[in-house]
Amino acid sequence: EATDFNIPTTNAADADPAFNLDSRSKETSQYESLDYDVCENVLWRREQTKIKPKFTVRKDFSRWVISLQIGVCTALVACCINIVIEEVSRLKYAFLKHQVDENVLRGDLSIPYLYWSLLNLVPVVIGATLVAYVEPVAAGSGIPQVKCYLNGVKVPRIVRIKTLAVKAVGVATSVIGGLAGGKEGPMIHSGAVIAAGISQGKSTTFRRDLKILQHFRDDHEKRDFVVGGAAAGVAAAFGAPIGGILFSLEEAASFWNQSLIWRTFFASIISSFTLNLILSAYHGLSSFHYRGLFNLGEFAPLPFEYFELPIFMLMGVLGGCSGALWNAVNSRINMFRAHAIKPRWAKVLEAAFVAVLGATFACLMAYTINDCRPLGRDPTEHPVQLFCQDNEYNAAAALWFQTPEATVKALFHDPPGSHKILTLAAFVLIYYPLSCVTYGLSVSLGIFIPTLLIGAAWGRLLASFTVLAFPASSAFVSPGKYALIGAAAQLGGVVRMTLSLSVILLETTGNIGFILPIILTLMT
């Protein structure tokens, strides 16, 4: 007999005691609680009086040194991931452009499609195999698991060095493989792993103990360093040190104090500065332009009229509804995955199928929409001519012949009239469900970039519709401005962040004059 909640009833005499560990299921027994509260009893106060002042000063100084190391190491990992993705993606899309240009003259575009599918398939299978067979906890962005850890739930292997290695390789292969994801979200998890490893002076994966920093080996101290690592990951991903602190404060940790805020801010600044220094030197720039992995370039001033504020608020409502729908659909897809796709080989096969599906939709859109634009007006590195005239390129293909980060940057900075309405509408209708299916695969990738990309596309589409319906509005309706508002609305609707997301977008764009429209959009 069972109750309405499908909980079997038993006799009181046969029931196991509540403290019997054998009665716990295997799934629930792997999660434990972390004790972050300090028990300030008489014994604790007595021990505190025995601590020498010099030891306290030395311990505080060690915290700052470790925060410095966390910032530097997080930036180094971010730089390695970014450089690998950038260089391999450049070779990939240059090869695909050559294949398209060569085979379009022969009238056989199936060969570029097969190459594209293969170049997507191979890296995605490698990344999915690592996640499925080596370290399953490295799947996704890792942000929910880090939130659990910072709020007292111990997720097994969440801050292991093996998890970091699989996460780094997995996110690189996912982005190179053309999946609808980004590398920014996993950087938060990577920063947390780095912080946990450096602060403990030992490695569980390698079974090595350096016999140092033993006074930091408790849940409370480790938690504080992981907070700094997560903030450093945000700073490295978006070039937003203040946004990193606010993200950890608003979304992650529930335990804060003033000294922790300053150390977290210090780690975030070091991470952002180190990454900016290395990437700027790598690209041969005379000044620092790479504030984070998500580099949107230099924004021109974005003036707005006050009568546009209601339009931005309506876009916020649209982004909230769109984000809620995205979350609902993605949740149902992942619940189906949990029940139907359990074998590891099936998870790898699913990721491979989605990779080929992405190449299929990209080719379908590029081959069927003849959106020709003159060369020189688009920052695309690999413009594809396809069926256009000489000195023209296909704008529909340009949306796919680059990484998602580059496409977001293009939608923000392309001049008015760079895309047909049909191109933007088809891209939104394809990329929206594709990102829903992708997030939750057995691969390492984040949700920030595809969400920003969807919002930027429909924001630019709304600007095009507005100018088409009201030609006089072209005086103040800028496609790049509306793309930024759409991206903020869509991202806010999906991740449900307000304050930290406002500051992250402000620091990423570097346009403080546009903070009011962004805040209004995210609040609505």
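**View 1. Seven cavities turn up in a search of the whole predicted model**. Each of these seven cavities is 30 Å³ or more in volume. The largest cavity has a volume of about 150 Å³, and the next two views look at what surrounds this one.

**View 2. Here are the residues around the largest cavity.** Its lining is made of 19 residues. Go to the centre of the cavity and the closest of them are Tyr-93, Gly-178, Trp-400, Gln-402 and Tyr-431. Sort the lining by class and you get twelve nonpolar residues, six polar ones and one charged.

**View 3. Now for the helices and domains behind that lining.** Five helices each hand over at least two lining residues of the largest cavity: H3 (53–104), H4, H12, H14 (404–413) and H15 (421–438). Domain 1 (54–283) and domain 2 (306–523) each put in at least three residues of this lining.

**View 4. The largest pocket has a volume of about 1100 Å³**. There are 29 residues lining this pocket, and Pro-136, Val-137, Ala-139, Gln-145 and Lys-347 are the closest to its centre. Two or more lining residues come from each of helix H4 (110–134), helix H5 (143–150), helix H11 (309–340) and helix H12 (344–368). As for chemistry, the pocket lining splits into 14 nonpolar, eight polar and seven charged residues.

**View 5. Where does the largest pocket lie relative to domain 1 and domain 2**? Residues of domain 1 (54–283) help line the pocket, and so do residues of domain 2 (306–523), so the pocket lies between the two domains.

**View 6. Four residues make a nonpolar patch on the surface: Tyr-133, Val-134, Trp-345 and Leu-349**. Together, these four have about 450 Å² of accessible area. H4 and H12 are the elements that give two or more residues to the patch. Val-134, for one, sits in helix H4. You've met both helices already: H4 and H12 also supply residues to the lining of the largest pocket and to that of the largest cavity.

Conventions:
Residues are numbered from 1 along each chain as its sequence is written. This is a predicted model: local features need pLDDT of at least 70, side-chain atom pairs count only at pLDDT 80 or more; totals for chains, interfaces and linings use all residues. Side-chain values use heavy atoms; hydrogens and water are left out. On a 1 Å grid over the protein atoms alone, a cavity is a set of points where a 1.4 Å probe fits but cannot get out, and a pocket is an open set with protein on both sides within 12 Å along at least five of seven lines; lining residues have an atom within 4 Å of a point. Grid points are joined across faces, edges and corners, and a volume is the space filled by probe spheres set on the points. Helices (H or I, at least four residues) and strands (E, at least two) are DSSP runs, numbered from the N terminus. Ala, Val, Leu, Ile, Met, Phe, Trp, Tyr, Cys and Pro count as nonpolar, Asp, Glu, Lys and Arg as charged, and the others, Gly among them, as polar. Domain bounds come from an automatic or database domain assignment. Patches are made of residues with over 30% relative accessible area and no salt bridge: like charges are joined within 9 Å, nonpolar side chains (Val, Leu, Ile, Met, Phe, Trp, Tyr) within 5 Å. Accessible areas come from the Shrake-Rupley method with a 1.4 Å probe; for residues, only the protein chains shown count as cover. A salt bridge is a side-chain nitrogen of Lys or Arg within 4 Å of a carboxyl oxygen of Asp or Glu.
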